[in-house]
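Me: I'm new to this one. Could you pick a single part and take me through it closely?

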Amino acid sequence: MTLEMKELESAVEGILFAAGEPVEIKRLCQALETDRTTLEQILQRLADAYAFDRRGIRLVRMEDSWQMCSAPEYGEVIRRAFEIRRPAKLSQPALEALTIIAYYQPTTRAYVEQVRGVDSSYTVGLLLERGLIEECGRLQVPGRPILYRTTKKFLRSFHLSSLEELPEIPGLEAEGQLRLGEDGSLPGTDGPQNGDSEEPAAAVKP
């Protein structure tokens, strides 16, 4: 089955709307029986159109996946409509731990503690609970400590398409002290939007 470009656009919208979560571009190519280059052009065109027309939805790229989300500027209205409480912001210690993991992933809790100079059990657990980091194996040394990395939710929360968009300078001082922005943002970024350190714009559900 070969679809015309307009039909492909509509099919992509339908799939991403129904998914309600990130969908790998490889899966989209298989479902629509089209090549990656063509599909990426369609996705980018749709994303640009939504943003240019200031629509209530956005297409967001996260590495090799795309997701349909609500526009961040309408986050407050959406929360009111569904009576969703604004999530608590991440604390400074949690943001510090998240920054270390983001720049040195995959890494262990012991390394986070080494850089911060304090026990980070609670903060790492909080980041896991919020879905901003995940376990990704174990370090092959005695004790086999757990390795952690950031998730797609982390990318979405800080409006990054990939980890390559993180600034080159990690913001870690030579003596191991971490310097964040005044708003608690990651070094070199504009910080999360909507005032939420850990929450993305609400995903559009089917």
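Reply: Here's a walk along one helix and a residue that touches it. Bear in mind that this is a predicted model, where local features need pLDDT of at least 70, side-chain atom pairs count only at pLDDT 80 or more, and totals for chains, interfaces and linings use all residues. Numbering starts from 1 along each chain as its sequence is written, and side-chain values use heavy atoms, with hydrogens and water left out.

The part is helix α5, residues 92–104. Helices here are DSSP runs of H or I with at least four residues, strands are runs of E with at least two, and both are numbered from the N terminus. With 13 residues, α5 reaches 18 Å from its first C-alpha to its last, close to the 18 Å expected at 1.5 Å a residue (the expected span is 1.5 Å times one less than the number of residues).

Now for its surroundings. Ten of the 13 residues in α5 are buried, so the helix is mostly covered; buried means under 20% relative accessible area, exposed over 50%, and partly exposed in between, with a 1.4 Å probe and protein chains only. The buried ones are A94, L95, E96, A97, L98, T99, I100, I101, A102 and Y103. Among what covers them are the helices α6 (109–116), α7 (121–129) and α8 (152–157), along with the strands β4 (107–108), β5 (133–138) and β6 (146–150).

Let's zoom in on α7, where T123 lies. T123 counts as buried because its relative accessibility is 7%. Leaving aside residues up to four places away in sequence, T123 touches P93, A94, A97 and R116, with contact meaning heavy atoms within 4.5 Å. Of these, A94 and A97 are among the buried residues of α5.
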